[in-house]
Amino acid sequence: MDETFLAMDFVAAQQAVMGSIFVDDACVGAVLARLREEDFTDSACRNAFAAVKRLFTAGRPVDPITVQDAVGGGAGWLRWAMDLMDLTPTAANAETYADIVREKAAVHRAHQLAQRIQQCPTREEVQDLAWQLFRCLADDGRDRRVSPEELARDFIARVTSKERPEYLPWGLPTADRMLYTQPGDLVLLGGYPSAGKTMLSVHMALAQAKKYRVGYYSLETQPEKMADRMFAHMAGVDMKVIKRRSCSQEELRELVRAANTFVTETPVAYYQGSKWSAEQIAASAVAHREQIIYIDYLQQVRGPGRDAYARVSAVSQALKEFAQSARVAVVALAQFSRPEKVVVKGRQLMVPPTMAAFRDSGQLEQDADAAFLLWPEDPNNNRSRRVLKVGKNKEGEKFTRYLAFDGATQTFREMAVEPPAGGGQAAPTFGPLEDANESDMPF
(Lines give C-alpha, C1' and ligand atoms only; values in the text may rest on other atoms or scores of the structure.)
Protein backbone atom coordinates (compact mmCIF):
# COMPACT_ATOMS: atom_id res chain seq x y z
CA MET A 1 0.00 0.00 0.00
CA ASP A 2 1.27 3.50 -0.87
CA GLU A 3 3.00 5.25 2.08
CA THR A 4 1.19 8.54 1.33
CA PHE A 5 -2.18 6.81 1.39
CA LEU A 6 -1.27 5.15 4.68
CA ALA A 7 -0.36 8.52 6.21
CA MET A 8 -3.55 10.17 4.92
CA ASP A 9 -5.68 7.26 6.13
CA PHE A 10 -4.10 7.47 9.58
CA VAL A 11 -4.78 11.21 9.85
CA ALA A 12 -8.34 10.74 8.62
CA ALA A 13 -8.96 8.20 11.39
CA GLN A 14 -7.58 10.63 13.98
CA GLN A 15 -9.86 13.36 12.67
CA ALA A 16 -12.85 10.99 12.77
CA VAL A 17 -12.14 10.29 16.46
CA MET A 18 -12.07 13.99 17.33
CA GLY A 19 -15.14 14.69 15.18
CA SER A 20 -17.05 11.98 17.07
CA ILE A 21 -16.09 13.55 20.40
CA PHE A 22 -17.22 17.01 19.26
CA VAL A 23 -20.54 15.59 18.03
CA ASP A 24 -21.34 13.64 21.23
CA ASP A 25 -19.23 13.68 24.39
CA ALA A 26 -20.89 10.43 25.56
CA CYS A 27 -18.17 8.57 23.66
CA VAL A 28 -15.26 10.28 25.47
CA GLY A 29 -14.81 7.62 28.17
CA ALA A 30 -14.61 4.76 25.66
CA VAL A 31 -12.13 6.69 23.49
CA LEU A 32 -9.90 7.62 26.42
CA ALA A 33 -9.77 3.96 27.45
CA ARG A 34 -8.38 3.06 24.02
CA LEU A 35 -6.01 5.89 23.11
CA ARG A 36 -3.13 7.95 24.44
CA GLU A 37 -1.83 11.32 23.30
CA GLU A 38 1.19 9.74 21.62
CA ASP A 39 -1.13 7.74 19.35
CA PHE A 40 -1.93 10.99 17.48
CA THR A 41 0.58 12.08 14.84
CA ASP A 42 -1.54 15.04 13.71
CA SER A 43 -0.61 17.91 16.04
CA ALA A 44 -4.06 19.58 15.98
CA CYS A 45 -5.77 16.30 16.89
CA ARG A 46 -3.16 15.51 19.55
CA ASN A 47 -3.56 18.90 21.26
CA ALA A 48 -7.35 18.65 21.12
CA PHE A 49 -7.27 15.10 22.53
CA ALA A 50 -5.05 16.25 25.44
CA ALA A 51 -7.52 19.06 26.18
CA VAL A 52 -10.46 16.63 26.06
CA LYS A 53 -8.68 14.38 28.54
CA ARG A 54 -8.08 17.27 30.96
CA LEU A 55 -11.69 18.45 30.74
CA PHE A 56 -13.15 14.97 31.12
CA THR A 57 -11.03 14.04 34.18
CA ALA A 58 -11.95 17.38 35.77
CA GLY A 59 -15.65 16.61 35.30
CA ARG A 60 -16.21 19.51 32.91
CA PRO A 61 -18.34 19.35 29.73
CA VAL A 62 -16.61 18.50 26.48
CA ASP A 63 -17.71 20.33 23.31
CA PRO A 64 -16.02 22.44 20.63
CA ILE A 65 -16.32 25.63 22.69
CA THR A 66 -14.81 24.20 25.92
CA VAL A 67 -12.04 22.46 23.99
CA GLN A 68 -11.33 25.67 22.02
CA ASP A 69 -10.91 27.49 25.31
CA ALA A 70 -8.68 24.71 26.73
CA VAL A 71 -6.29 24.75 23.75
CA GLY A 72 -6.38 28.53 23.36
CA GLY A 73 -7.64 28.29 19.78
CA GLY A 74 -9.12 31.11 17.78
CA ALA A 75 -11.72 31.35 15.02
CA GLY A 76 -9.57 29.22 12.71
CA TRP A 77 -9.48 26.42 15.27
CA LEU A 78 -13.26 26.52 15.71
CA ARG A 79 -13.76 26.27 11.93
CA TRP A 80 -11.46 23.22 11.95
CA ALA A 81 -13.58 21.58 14.69
CA MET A 82 -16.82 22.33 12.84
CA ASP A 83 -15.35 20.82 9.65
CA LEU A 84 -14.60 17.62 11.57
CA MET A 85 -18.18 17.52 12.80
CA ASP A 86 -19.42 17.84 9.21
CA LEU A 87 -17.15 14.96 8.17
CA THR A 88 -18.30 12.86 11.15
CA PRO A 89 -22.04 13.51 11.59
CA THR A 90 -22.49 10.70 14.17
CA ALA A 91 -20.47 9.36 17.09
CA ALA A 92 -21.85 5.84 16.65
CA ASN A 93 -18.54 4.60 15.22
CA ALA A 94 -16.24 6.41 17.67
CA GLU A 95 -14.87 3.20 19.24
CA THR A 96 -14.17 1.70 15.81
CA TYR A 97 -12.31 4.86 14.76
CA ALA A 98 -10.32 4.74 18.00
CA ASP A 99 -9.35 1.11 17.38
CA ILE A 100 -8.15 2.04 13.88
CA VAL A 101 -6.02 4.86 15.29
CA ARG A 102 -4.57 2.57 17.94
CA GLU A 103 -3.68 -0.10 15.36
CA LYS A 104 -2.10 2.35 12.93
CA ALA A 105 -0.23 4.12 15.73
CA ALA A 106 1.43 0.83 16.67
CA VAL A 107 2.42 0.20 13.06
CA HIS A 108 3.70 3.79 12.74
CA ARG A 109 5.91 3.39 15.83
CA ALA A 110 7.11 0.02 14.54
CA HIS A 111 8.18 1.63 11.26
CA GLN A 112 10.09 4.31 13.17
CA LEU A 113 11.85 1.72 15.32
CA ALA A 114 12.69 -0.38 12.26
CA GLN A 115 14.36 2.63 10.67
CA ARG A 116 16.37 3.23 13.84
CA ILE A 117 17.40 -0.45 13.92
CA GLN A 118 18.80 -0.13 10.39
CA GLN A 119 21.08 2.64 11.62
CA CYS A 120 22.34 0.88 14.78
CA PRO A 121 26.10 0.26 14.79
CA THR A 122 26.12 -2.42 17.53
CA ARG A 123 24.31 -5.66 18.29
CA GLU A 124 23.50 -4.39 21.80
CA GLU A 125 21.64 -1.35 20.45
CA VAL A 126 19.76 -3.54 17.97
CA GLN A 127 18.65 -5.86 20.80
CA ASP A 128 17.41 -2.95 22.89
CA LEU A 129 15.39 -1.55 20.01
CA ALA A 130 14.12 -5.02 19.10
CA TRP A 131 12.62 -5.26 22.58
CA GLN A 132 10.99 -1.86 22.16
CA LEU A 133 9.61 -3.06 18.82
CA PHE A 134 8.10 -6.10 20.48
CA ARG A 135 6.53 -3.97 23.20
CA CYS A 136 4.89 -1.59 20.74
CA LEU A 137 3.34 -4.50 18.84
CA ALA A 138 2.33 -6.53 21.91
CA ASP A 139 -0.80 -5.92 23.93
CA ASP A 140 0.08 -2.74 25.80
CA GLY A 141 -2.27 -3.29 28.71
CA ARG A 142 -4.61 -0.35 28.04
CA ASP A 143 -8.01 -0.48 29.65
CA ARG A 144 -10.15 -3.47 28.78
CA ARG A 145 -13.53 -3.37 30.41
CA VAL A 146 -15.03 -6.74 31.21
CA SER A 147 -18.69 -6.51 32.14
CA PRO A 148 -20.05 -8.42 35.16
CA GLU A 149 -21.96 -10.67 32.76
CA GLU A 150 -18.81 -11.47 30.73
CA LEU A 151 -16.77 -12.16 33.87
CA ALA A 152 -19.41 -14.50 35.32
CA ARG A 153 -20.06 -16.28 32.00
CA ASP A 154 -16.34 -16.89 31.43
CA PHE A 155 -15.89 -18.21 34.96
CA ILE A 156 -18.74 -20.71 34.66
CA ALA A 157 -17.46 -21.84 31.27
CA ARG A 158 -14.02 -22.51 32.74
CA VAL A 159 -15.13 -24.39 35.84
CA THR A 160 -17.57 -26.56 33.89
CA SER A 161 -15.14 -27.35 31.09
CA LYS A 162 -13.98 -30.95 30.77
CA GLU A 163 -10.56 -29.68 29.75
CA ARG A 164 -8.31 -29.55 32.82
CA PRO A 165 -6.23 -26.40 33.30
CA GLU A 166 -2.53 -26.76 32.62
CA TYR A 167 0.04 -25.52 35.13
CA LEU A 168 3.82 -25.57 34.88
CA PRO A 169 5.57 -28.70 36.20
CA TRP A 170 8.58 -28.29 38.49
CA GLY A 171 9.84 -31.86 38.82
CA LEU A 172 8.99 -31.85 42.54
CA PRO A 173 5.77 -33.57 43.66
CA THR A 174 4.59 -30.96 46.16
CA ALA A 175 5.38 -28.01 43.91
CA ASP A 176 3.62 -29.72 41.00
CA ARG A 177 0.56 -30.21 43.20
CA MET A 178 0.39 -26.85 44.98
CA LEU A 179 1.72 -24.25 42.53
CA TYR A 180 -0.67 -22.92 39.90
CA THR A 181 1.97 -21.13 37.84
CA GLN A 182 1.46 -20.53 34.11
CA PRO A 183 3.13 -18.69 31.23
CA GLY A 184 2.95 -14.99 32.10
CA ASP A 185 4.14 -15.45 35.70
CA LEU A 186 7.36 -14.23 37.30
CA VAL A 187 8.85 -16.83 39.65
CA LEU A 188 11.88 -16.29 41.91
CA LEU A 189 14.33 -18.96 43.06
CA GLY A 190 16.45 -17.50 45.83
CA GLY A 191 19.33 -18.87 47.85
CA TYR A 192 22.76 -18.26 49.29
CA PRO A 193 25.81 -18.96 47.08
CA SER A 194 26.47 -22.71 46.78
CA ALA A 195 23.05 -23.62 48.18
CA GLY A 196 22.30 -25.45 44.91
CA LYS A 197 19.85 -23.08 43.26
CA THR A 198 21.49 -23.37 39.82
CA MET A 199 21.19 -27.17 39.76
CA LEU A 200 17.69 -27.02 41.21
CA SER A 201 16.75 -24.66 38.39
CA VAL A 202 18.22 -27.11 35.85
CA HIS A 203 16.16 -29.90 37.46
CA MET A 204 13.05 -27.74 37.03
CA ALA A 205 13.90 -26.68 33.46
CA LEU A 206 14.40 -30.27 32.32
CA ALA A 207 11.01 -31.26 33.75
CA GLN A 208 9.34 -28.38 31.89
CA ALA A 209 11.22 -28.94 28.61
CA LYS A 210 9.27 -32.16 28.05
CA LYS A 211 6.34 -29.98 26.95
CA TYR A 212 7.51 -26.35 26.69
CA ARG A 213 10.18 -24.42 24.81
CA VAL A 214 12.68 -23.51 27.52
CA GLY A 215 15.63 -21.11 27.38
CA TYR A 216 18.30 -20.84 30.08
CA TYR A 217 20.14 -17.49 30.28
CA SER A 218 23.27 -17.65 32.42
CA LEU A 219 25.32 -14.61 33.32
CA GLU A 220 28.02 -16.52 35.19
CA THR A 221 28.36 -20.22 34.26
CA GLN A 222 30.25 -21.40 31.18
CA PRO A 223 28.25 -23.81 28.97
CA GLU A 224 30.87 -26.56 29.37
CA LYS A 225 30.58 -26.48 33.14
CA MET A 226 26.80 -26.42 32.95
CA ALA A 227 26.83 -29.42 30.58
CA ASP A 228 29.05 -31.42 32.97
CA ARG A 229 26.66 -30.84 35.85
CA MET A 230 23.48 -31.33 33.83
CA PHE A 231 24.49 -34.64 32.25
CA ALA A 232 25.81 -35.95 35.56
CA HIS A 233 22.35 -35.16 36.90
CA MET A 234 20.53 -36.81 34.00
CA ALA A 235 22.74 -39.91 33.80
CA GLY A 236 23.36 -40.44 37.53
CA VAL A 237 27.13 -40.47 36.87
CA ASP A 238 29.56 -39.12 39.45
CA MET A 239 30.86 -35.64 38.59
CA LYS A 240 34.41 -36.68 39.52
CA VAL A 241 34.70 -39.21 36.71
CA ILE A 242 33.31 -36.67 34.24
CA LYS A 243 35.80 -34.03 35.32
CA ARG A 244 38.69 -36.50 35.23
CA ARG A 245 37.57 -38.08 31.96
CA SER A 246 37.75 -41.51 33.61
CA CYS A 247 34.31 -42.86 32.73
CA SER A 248 33.82 -46.59 32.54
CA GLN A 249 32.13 -48.04 29.47
CA GLU A 250 28.86 -48.36 31.39
CA GLU A 251 29.06 -44.76 32.63
CA LEU A 252 29.83 -43.57 29.10
CA ARG A 253 26.80 -45.42 27.76
CA GLU A 254 24.62 -43.73 30.40
CA LEU A 255 26.03 -40.30 29.48
CA VAL A 256 25.41 -40.88 25.77
CA ARG A 257 21.87 -42.01 26.57
CA ALA A 258 21.34 -38.87 28.67
CA ALA A 259 22.68 -36.65 25.87
CA ASN A 260 20.29 -38.24 23.36
CA THR A 261 17.37 -37.83 25.77
CA PHE A 262 18.29 -34.20 26.29
CA VAL A 263 18.28 -33.45 22.56
CA THR A 264 15.15 -35.40 21.67
CA GLU A 265 12.92 -35.16 24.77
CA THR A 266 14.04 -32.33 27.09
CA PRO A 267 15.89 -29.76 24.96
CA VAL A 268 16.84 -26.62 26.92
CA ALA A 269 18.50 -23.86 24.87
CA TYR A 270 21.47 -22.40 26.77
CA TYR A 271 22.66 -18.81 26.46
CA GLN A 272 25.81 -17.57 28.16
CA GLY A 273 26.78 -13.93 28.51
CA SER A 274 27.79 -11.34 31.07
CA LYS A 275 26.29 -7.98 30.11
CA TRP A 276 22.71 -8.68 29.18
CA SER A 277 19.91 -6.28 29.96
CA ALA A 278 16.37 -7.43 30.72
CA GLU A 279 15.30 -6.04 27.34
CA GLN A 280 17.98 -8.04 25.49
CA ILE A 281 16.98 -11.27 27.23
CA ALA A 282 13.33 -10.56 26.43
CA ALA A 283 14.11 -9.84 22.76
CA SER A 284 16.04 -13.11 22.48
CA ALA A 285 13.25 -15.09 24.15
CA VAL A 286 10.68 -13.65 21.74
CA ALA A 287 12.92 -14.28 18.73
CA HIS A 288 13.32 -17.95 19.74
CA ARG A 289 9.62 -18.37 20.66
CA GLU A 290 10.46 -19.55 24.16
CA GLN A 291 7.62 -20.19 26.60
CA ILE A 292 9.71 -20.41 29.78
CA ILE A 293 13.04 -18.72 30.46
CA TYR A 294 15.48 -19.04 33.35
CA ILE A 295 17.85 -16.22 34.31
CA ASP A 296 20.91 -17.04 36.42
CA TYR A 297 20.97 -14.67 38.13
CA LEU A 298 18.83 -11.55 38.42
CA GLN A 299 21.20 -9.29 40.33
CA GLN A 300 23.70 -9.50 37.46
CA VAL A 301 21.28 -8.34 34.78
CA ARG A 302 22.18 -4.90 33.44
CA GLY A 303 19.65 -2.13 34.00
CA PRO A 304 19.20 1.59 34.69
CA GLY A 305 19.71 3.11 38.13
CA ARG A 306 22.33 4.88 40.16
CA ASP A 307 22.69 2.10 42.70
CA ALA A 308 22.04 -1.63 43.06
CA TYR A 309 18.61 -1.10 44.63
CA ALA A 310 17.34 1.05 41.75
CA ARG A 311 18.88 -1.23 39.12
CA VAL A 312 17.46 -4.46 40.53
CA SER A 313 14.05 -2.82 40.99
CA ALA A 314 14.05 -1.70 37.34
CA VAL A 315 15.12 -5.16 36.14
CA SER A 316 12.42 -6.84 38.23
CA GLN A 317 9.72 -4.56 36.83
CA ALA A 318 10.96 -5.05 33.25
CA LEU A 319 10.90 -8.84 33.61
CA LYS A 320 7.43 -8.72 35.15
CA GLU A 321 6.14 -6.58 32.28
CA PHE A 322 7.74 -8.89 29.72
CA ALA A 323 6.27 -12.02 31.34
CA GLN A 324 2.76 -10.58 31.29
CA SER A 325 2.85 -9.01 27.82
CA ALA A 326 4.56 -11.94 26.05
CA ARG A 327 2.85 -14.69 28.08
CA VAL A 328 6.25 -16.16 28.91
CA ALA A 329 7.04 -17.66 32.32
CA VAL A 330 10.18 -16.03 33.74
CA VAL A 331 12.07 -17.91 36.46
CA ALA A 332 14.75 -15.64 37.88
CA LEU A 333 17.43 -16.92 40.24
CA ALA A 334 18.41 -14.41 42.89
CA GLN A 335 20.95 -14.11 45.67
CA PHE A 336 20.05 -13.66 49.33
CA SER A 337 21.64 -11.09 51.59
CA ARG A 338 24.01 -12.43 54.26
CA PRO A 339 22.20 -14.74 56.68
CA GLU A 340 20.94 -13.27 59.91
CA LYS A 341 22.48 -14.84 63.03
CA VAL A 342 21.17 -15.11 66.55
CA VAL A 343 22.71 -16.35 69.79
CA VAL A 344 20.63 -18.88 71.72
CA LYS A 345 22.03 -20.14 75.05
CA GLY A 346 25.51 -19.17 73.97
CA ARG A 347 25.24 -20.84 70.56
CA GLN A 348 25.24 -18.90 67.32
CA LEU A 349 22.46 -20.00 64.96
CA MET A 350 21.40 -18.95 61.46
CA VAL A 351 17.87 -17.58 61.10
CA PRO A 352 16.04 -19.19 58.15
CA PRO A 353 15.55 -16.71 55.29
CA THR A 354 12.24 -15.07 54.43
CA MET A 355 11.10 -13.08 51.40
CA ALA A 356 12.92 -10.09 52.88
CA ALA A 357 16.21 -11.94 52.32
CA PHE A 358 16.25 -11.18 48.58
CA ARG A 359 19.23 -8.92 48.06
CA ASP A 360 19.13 -5.30 46.85
CA SER A 361 15.40 -4.71 46.32
CA GLY A 362 12.02 -5.18 47.95
CA GLN A 363 10.57 -4.86 44.44
CA LEU A 364 11.36 -8.54 43.88
CA GLU A 365 8.97 -9.56 46.63
CA GLN A 366 6.24 -7.36 45.17
CA ASP A 367 6.61 -8.45 41.53
CA ALA A 368 6.88 -12.22 42.04
CA ASP A 369 3.87 -14.45 41.50
CA ALA A 370 5.68 -17.26 43.33
CA ALA A 371 9.02 -17.58 45.08
CA PHE A 372 11.18 -20.53 46.11
CA LEU A 373 13.64 -20.09 49.00
CA LEU A 374 16.49 -22.61 49.22
CA TRP A 375 19.11 -23.13 51.94
CA PRO A 376 21.15 -25.95 53.55
CA GLU A 377 19.68 -27.41 56.70
CA ASP A 378 23.12 -27.36 58.33
CA PRO A 379 25.13 -24.30 57.24
CA ASN A 380 28.36 -26.06 58.21
CA ASN A 381 27.72 -29.13 56.09
CA ASN A 382 27.23 -28.65 52.36
CA ARG A 383 26.09 -32.29 52.10
CA SER A 384 23.18 -31.70 54.44
CA ARG A 385 19.58 -31.74 53.31
CA ARG A 386 18.29 -28.62 51.61
CA VAL A 387 15.24 -26.81 52.89
CA LEU A 388 12.97 -25.62 50.08
CA LYS A 389 10.29 -23.16 51.09
CA VAL A 390 7.69 -21.52 48.89
CA GLY A 391 7.67 -18.10 50.50
CA LYS A 392 5.11 -16.61 48.11
CA ASN A 393 2.32 -18.34 46.25
CA LYS A 394 -0.26 -15.89 44.95
CA GLU A 395 -2.83 -18.50 44.05
CA GLY A 396 -2.19 -21.21 46.61
CA GLU A 397 -0.70 -22.18 49.94
CA LYS A 398 2.89 -21.73 51.03
CA PHE A 399 4.80 -24.85 52.05
CA THR A 400 8.22 -26.15 53.11
CA ARG A 401 9.91 -29.41 52.14
CA TYR A 402 13.23 -31.16 52.61
CA LEU A 403 15.28 -31.99 49.52
CA ALA A 404 17.96 -34.67 49.56
CA PHE A 405 20.94 -33.43 47.54
CA ASP A 406 23.49 -35.76 45.98
CA GLY A 407 26.47 -33.59 45.08
CA ALA A 408 28.18 -36.38 43.14
CA THR A 409 25.36 -36.60 40.61
CA GLN A 410 23.98 -33.07 41.12
CA THR A 411 20.55 -34.52 41.91
CA PHE A 412 17.68 -33.31 44.09
CA ARG A 413 14.95 -35.54 45.48
CA GLU A 414 12.00 -34.44 47.56
CA MET A 415 11.86 -36.26 50.89
CA ALA A 416 8.72 -37.59 52.55
CA VAL A 417 9.67 -36.17 55.96
CA GLU A 418 8.71 -32.52 56.39
CA PRO A 419 10.72 -29.81 58.20
CA PRO A 420 9.40 -28.54 61.53
CA ALA A 421 6.91 -25.69 61.52
CA GLY A 422 8.58 -22.47 60.45
CA GLY A 423 10.90 -24.11 57.95
CA GLY A 424 13.52 -25.51 60.28
CA GLN A 425 13.81 -22.71 62.79
CA ALA A 426 14.40 -25.04 65.71
CA ALA A 427 17.98 -25.04 66.97
CA PRO A 428 18.58 -28.79 66.44
CA THR A 429 17.57 -28.46 62.80
CA PHE A 430 20.03 -25.74 61.95
CA GLY A 431 22.82 -26.45 64.36
CA PRO A 432 25.44 -24.04 65.67
CA LEU A 433 27.83 -22.13 63.45
CA GLU A 434 30.59 -23.24 65.84
CA ASP A 435 32.64 -20.08 65.39
CA ALA A 436 33.40 -20.99 61.77
CA ASN A 437 34.96 -18.31 59.64
CA GLU A 438 32.47 -16.87 57.18
CA SER A 439 34.86 -17.69 54.31
CA ASP A 440 34.65 -21.37 55.30
CA MET A 441 30.88 -21.49 55.13
CA PRO A 442 29.41 -23.33 52.12
CA PHE A 443 27.39 -20.28 51.13
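**Entry 1: Tyr294 and the cores**

I looked up the surroundings of Tyr294 in this predicted model. Leaving aside residues up to four places away in sequence, I found that Tyr294 touches Trp170, Ser201, Met204, Ala205, Gln208, Val214, Gly215, Tyr216, Tyr217, Val331 and Leu333. I then asked which residues have the most contacts inside the largest nonpolar core. They are Trp170, Leu200, Tyr294 and Phe372, in a core of 46 residues. Helix α10, residues 197-208, supplies the largest share of this core, six residues. I noted a second, separate core of 42 residues, with Trp131, Val315, Leu319 and Tyr402 among its members. As general background, I recorded that nonpolar side chains tend to be buried together in soluble globular proteins.

**Entry 2: Arg386**

I turned next to Arg386, which lies in strand β9, residues 386-393. Is Arg386 buried or exposed? Its relative accessible area is 0%, so I entered Arg386 as buried. Beyond residues up to four places away in sequence, Arg386 touches Ser194, Ala195, Leu374, Trp375, Pro376, Glu377, Arg401, Tyr402, Leu403, Phe405 and Phe412. Tyr402, one of these contacts, is also included in the second core. I also looked up the separation of the C-alpha atoms of Arg386 and Leu373, and it is 10 Å, with their positions 13 residues apart along the chain.

**Entry 3: Ala232**

I located Ala232 in helix α11, residues 223-235. Ala232 has a relative accessible area of 0% and is therefore buried. Its contacts, not counting residues up to four places away in sequence, are Val237, Met239, Ile242 and Thr409. The C-alpha atoms of Ala232 and Asn260 stand 14 Å apart, and the two residues are 28 residues apart along the chain.

**Entry 4: Cysteines**

I searched the whole structure for disulfides and found zero. Why does Cys27 form none? The closest cysteine sulfur to that of Cys27 belongs to Cys45 and is 14 Å away, which is too far for a bond; the cut-off for a disulfide is 2.5 Å. I compared the accessibility of two cysteines. Cys27 counts as buried at 10% relative accessibility, whereas Cys247, at 29%, counts as partly exposed.

**Entry 5: A surface patch**

Finally, I asked which residues make the nonpolar surface patch of about 280 Å². I found Phe155, Ile156 and Val159 there. Val159 belongs to helix α8, residues 148-159. With 49% relative accessibility, Val159 counts as partly exposed, because the exposed class requires over 50%.

How values were computed. Residues are numbered from 1 along each chain as its sequence is written. This is a predicted model: local features need pLDDT of at least 70, side-chain atom pairs count only at pLDDT 80 or more; totals for chains, interfaces and linings use all residues. Side-chain values use heavy atoms; hydrogens and water are left out. Buried means under 20% relative accessible area, exposed over 50%, partly exposed in between (1.4 Å probe, protein chains only). A nonpolar core is a set of buried Ala, Val, Leu, Ile, Met, Phe, Trp, Tyr and Cys residues joined through side-chain atoms within 4.5 Å. Helices (H or I, at least four residues) and strands (E, at least two) are DSSP runs, numbered from the N terminus. Contact means heavy atoms within 4.5 Å. Patches are made of residues with over 30% relative accessible area and no salt bridge: like charges are joined within 9 Å, nonpolar side chains (Val, Leu, Ile, Met, Phe, Trp, Tyr) within 5 Å. Accessible areas come from the Shrake-Rupley method with a 1.4 Å probe; for residues, only the protein chains shown count as cover. A salt bridge is a side-chain nitrogen of Lys or Arg within 4 Å of a carboxyl oxygen of Asp or Glu.
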